[in-house]
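Visitor: Please take one part of this model and look at it closely. I would like burial, contacts and packing in one connected account.

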Amino acid sequence: MPSQSPPQPSPPRYAILLYPAANRVYAESSRQLLQAELGVFSEKVLSTPILDVREEILGGAPYLTFRTAERLSDPDIAAISNLSTLYALFEIDGEGTAPPALRPVLITKLDKLDSDLLTVQKYPGKTNELFTKMLLNVTLLSTDRPAAMLDSRVHVLDPLCGRGTTLNQAMMYGFDATGLDVDGKDFEAYQHFIKTWLRAKRIKHTAESGALRLNKARLGNRLLIHFGLTKEQYKNGDARTLQYFNCDTKNVAELVKPGSVDVIVTDAPYGVQHGSHVGQKDKGTHALSRSPRDLLENSIPLWTQSLRLGGAMGISWNTHVMPRAELAAVLANNGLSIQKSEPFAEFEHRVDQSIQRDLIVARKSAR
Ligand SMILES: C[S@@+](CC[C@H](N)C(=O)[O-])C[C@H]1O[C@@H](n2cnc3c(N)ncnc32)[C@H](O)[C@@H]1O
């Protein structure tokens with residue numbers, strides 16, 4: 001009798017259950033965006049490629065499933081635990097048997113603080129917190145040290161920070177954060193929110209605020225907070241820094257030390273005139289006096305100065321006001337190399353009739 005080789009184990013397969021809220025944010029696009037984000041994790045940081053990603057209905061509920069060449073390692077799981085819309089992760093057992101079993105995989109998120117830091121604030125013009133997390137993730141993964149996301153102290157700058165969604169997500173990851181925004185109401189609202197939140201959560205911190213002056217001229221206001229991720233860390237002098245400069249982003253080069261920022265993450269104004277759109281406020285003439293295109297063209301050279309070599313910049317914007325190729329050219333002209341691999345081309349999605357949103361990520365390389 002010919003000897004029979006033992007049956008090959010089938011490659012590991014996994015299923016992701018998405019946050020129910022993801023559907024409200026992106027309507028039809030939530031699985032497409034998660035797939036693109038997963039693609040970036042796979043390319044930048046995972047030890048085994050993610051293959052055959054698709055939507056599957058299991059037990060009547062939709063999942064995003066994928067297979068891998070090797071079983072996901074603990075560091076792989078630690079990385080993908082932070083996917084922006086991942087709610088739960090399962091390994092699919094009993095392939096070929098009906099029905100297959102979903103075995104929960106223990107996820108280990110980076111989150112250092114309570115989740116309401118990101119969800120309490122609700123206002124017209126807020127960049128959705130899940131979208132902001134995705135933009136931060138893919139930008140962190142595009143630096144020259146993608147794994148630093150998981151184990152290093154990163155400095156995040158949002159040079160158009162509004163009421164601080166990026167700042168809050170950076171705090172959540174245990175990072176240092178700096179924001180600039182010209183809108184005085186946003187500054188006041190954020191200052192009130194974050195001071196109240198830190199007090200309510202009994203997080204050890206110091207907060208200073210007051211006039212922001214540059215060369216004796218008053219630019220606006222300033223908020224500087226040092227906070228501890230734990231009481232012990234704070235007691236040992238290990239505090240994180242959160243600062244907010246309430247002024248025009250054109251002042252960034254004077255306020256933020258050149259080369260001191262690891263990632264810049266920002267959601268540009270959408271150039272929509274009416275108040276109630278996602279990511280857009282009815283702010284009167286000041287913030288809207290320049291088109292988003294002019295704002296980006298003039299600001300990118302200044303923002304780039306604050307970025308360290310090997311750091312990355314991720315921008316989301318409304319493609320109705322500026323085509324992708326044009327924004328890519330501005331970034332390239334400032335010595336930034338655009339991330340061009342397949343997943344980075346899959347993030348464009350419809351927000352509403354007047355906003356088609358996309359994101360672009362570029363790394364600062366030596367010229
Ligand atoms: C899409 S919103 C960002 C919203 C923010 N991510 C949030 O969740 O609150 C764009 C922001 O750019 C700000 N902005 C526009 N022009 C500016 C400028 N020249 N300098 C600083 N901020 C500016 C606006 O005030 C607005 O808050």
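Guide: Buried means under 20% relative accessible area, exposed means over 50%, and partly exposed lies in between. Keep in mind that this is a predicted model.

Start with a pair of neighbours. Q305 sits in helix α12, which covers residues 292–306. Is Q305 buried, exposed or partly exposed? Its relative accessible area is 40%. The partly exposed class runs between 20% and 50%, so Q305 is partly exposed. T304 also belongs to helix α12. Its relative accessibility is 6%. That is under the 20% limit, so T304 counts as buried.

Now their partners. Setting aside neighbours within four places in sequence, Q305 is in contact with A253, P258, G259 and K364. On the same terms, with residues up to four places away left out, T304 touches M313, N334, L336 and K364. K364 therefore appears in both lists. Y14 gives a sense of scale. Q305 and Y14 are 291 residues apart along the chain, and their C-alpha atoms are separated by 42 Å.

Next, the cores. The largest nonpolar core has 66 residues. Which residues have the most contacts inside it? They are I16 and I194. Helix α5, residues 129–140, gives the most to this core, with seven residues. A second core is separate and has 30 residues. Among its members are L157, L160, L295 and L336. L336 was already named above, as a contact of T304.

Look at I16 more closely. Neighbours within four places in sequence are again left aside. I16 is then in contact with L34, L38, Y63, L64, F66, L83, L86, A88 and L89.

The other hub, I194, leads to a helix pair. Two packed helices are described by the angle between their axes and the distance between the axes. Helix α7 spans residues 165–172, and helix α8 spans residues 184–200. Their axes come within 12 Å and cross at roughly 25 degrees. Angles under 35 degrees count as roughly parallel, so α7 and α8 are roughly parallel to each other. The crossing is right-handed. α7 contributes L167, N168 and M171 to the contact. α8 contributes Y190, F193, I194 and L198. By class, that makes six nonpolar, one polar and no charged residues.

How covered is α7? Eight of its eight residues are buried. They are T165, T166, L167, N168, Q169, A170, M171 and M172. G174 follows α7 and has a positive phi, near 85 degrees.

α7 has another helix partner, α5. The axes of α5 and α7 come within 10 Å and cross at roughly 65 degrees. This crossing is right-handed too. From α5 come E129, T132, K133 and L136. They meet T165, T166, Q169 and A170 of α7. The class count here is two nonpolar, four polar and two charged residues.

α5 also packs against helix α2, residues 30–44. Their axes are 9 Å apart, at an angle of about 25 degrees. That makes α2 roughly parallel to α5. The crossing of α2 and α5 is left-handed. On the α2 side, L33, E37, V40 and F41 make the contact. On the α5 side, M134, N137 and V138 do so. These residues divide into five nonpolar, one polar and one charged.

Finish on a loop. Where does N215 lie? It is in the loop between β8 (205–214) and β9 (217–227). K216 is found in that loop as well. N215 is not a glycine, yet its phi is positive, about 45 degrees. K216 is not a glycine either, and its phi is positive at about 70 degrees. Both residues clear the 50% limit for exposed. N215 counts as exposed at 72% relative accessibility. K216 counts as exposed at 81%.

How values were computed. Residues numbered from 1 in each chain as written. Predicted model: local features only at pLDDT ≥ 70, side-chain atom pairs only at ≥ 80, totals over all residues. Heavy atoms only, no water. Core = buried A, V, L, I, M, F, W, Y, C linked by side-chain atoms within 4.5 Å. Buried < 20%, exposed > 50% of the residue type's maximum accessible area, 1.4 Å probe, protein only. Helix = DSSP H or I, 4+ residues; strand = E, 2+ residues; numbered from the N terminus. Contact = heavy atoms within 4.5 Å. Axes fitted to C-alpha atoms, helices over the stretch in contact; angles between N-to-C directions. Parallel < 35°, antiparallel > 145°, perpendicular 65-115°, else oblique. Left-handed = near helix turned anticlockwise from the far one by under 90°. Nonpolar A, V, L, I, M, F, W, Y, C, P; charged D, E, K, R; others polar.
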